[in-house]
Amino acid sequence: MLFATALARRGGELGLQYFRQLETLTIESKGHQDLVSEADRNVETFIRQELATQYPEDGVIGEEHAALAGGSGYTWVIDPIDGTANFLRGIPAWTVVIACVKEGVTVVGVIHEPSTGETFYGRRGGGAFLNKRPIKTSPTTSLMQGSVGTGFSNRREARAVAKLIDLLLQEGGVFFRNASGALMLAYVASGRLLAYVEEHMNAWDCLAGMLLVEEAGGLVVPPDPKTVLEEGTLVIAGGKGVFDKVHALCKEAFSL
């Protein structure tokens, strides 16, 4: 975990260099509301190089480059810049995300936000932390006492998210979105958000954060270890006091 935490911070330092000179970046579109820049690719390349040096037998899956098979049973899952749309528009809400998975089960997760210097991290069975301080999910049992993070996947119909938000508002709750799913999951783990929901997320966006929520005392809908790395997963994560209610709203909105 110490290696992964340090690596995420070093990746964040590189990302910040690009963030401070956005006008020089080459930007491409991968699809609807899906942008990529040389910053994303170069930060991932840096992280991959460090992993290859330290753990040459491990596999690597990242958002921007081809998957690399390994023989150790461990796979590193990387999102070099989660929240690229924020990053490219100068909004300081983006993260470097690193997870380590063994046979489809996440064992280490790190979410580093370079703009604030906050690093959320944890390992399975070892708790969750923010800059060396233990963190816990919110203890509240009422949706009226906080915000629920919501994401939108372009692989799903927008109407389902709209229905979820409508149901949430009817329950007296409010929604929050900052365009970085990993960061919102970190906010759930640290008690800043009550829960986070997205109908589909890729593994590199969510595995680290879902582990942190669990290690911070919260609940998640467990991903299928056989398919999550290749196909992604539904994400419903929250504090124990509101998880069942949020899950019920998602069942209705997403027709689960």
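Which strands does helix α2 (residues 38–54) lie across? Helix α2 crosses β3, β4 (74–82) and β5, and runs at about 155 degrees to β4. Such angles, from 0 to 180 degrees, are taken between N-to-C directions of axes, which are lines fitted to C-alpha atoms, for helices over the stretch in contact. Helices (H or I, at least four residues) and strands (E, at least two) are DSSP runs, numbered from the N terminus.

This is a predicted model: local features need pLDDT of at least 70, side-chain atom pairs count only at pLDDT 80 or more, and totals for chains, interfaces and linings use all residues. Residues are numbered from 1 along each chain as its sequence is written, and side-chain values use heavy atoms, with hydrogens and water left out.

**The sheet**

Seven strands make an open, mixed sheet in the order β3-β4-β5-β6-β7-β8-β9. Two strands pair if DSSP finds at least two bridges between them. β3 (59–62) and β9 (133–134) are the edge strands; each has a single partner strand, so one side of each lacks a neighbour in the sheet. Strands β5 (residues 95–102) and β6 (residues 105–113) pair in the antiparallel sense over seven bridges. V96 has H112 in β6 as its bridge partner. Helix α6 (residues 203–215) also packs on the sheet, and its direction makes about 100 degrees with that of β6.

**The cores**

A nonpolar core is a set of buried Ala, Val, Leu, Ile, Met, Phe, Trp, Tyr and Cys residues joined through side-chain atoms within 4.5 Å. The largest has 36 residues; V77, I111, F120, L185, L207 and L229 have the most contacts inside it. At least three of its residues come from each of domain 1 (1–134) and domain 2 (147–254); these bounds come from an automatic or database domain assignment. A second, separate core of 28 residues includes A8, Y18, I47 and L51.

**Annotated positions**

An unreviewed UniProt entry places the feature "binding site" at E63, D79, I81, D82 and D205. UniProt annotations may be inferred rather than shown by experiment; feature names are shortened and positions follow the numbering used here. The five positions spread over 143 residues of sequence, yet the largest C-alpha distance is 9.5 Å. D82 is in strand β4. Among its contacts (heavy atoms within 4.5 Å) is D205.

Three residues are compared below by relative accessible area: buried is under 20%, exposed over 50%, partly exposed in between (1.4 Å probe, protein chains only).

| Residue | Relative accessible area |
|---|---|
| E63 | 23%, partly exposed |
| D82 | 7%, buried |
| E171 | 35%, partly exposed |

Definitions and conventions:
Lists of a residue's contacts leave out its neighbours within four places in sequence.
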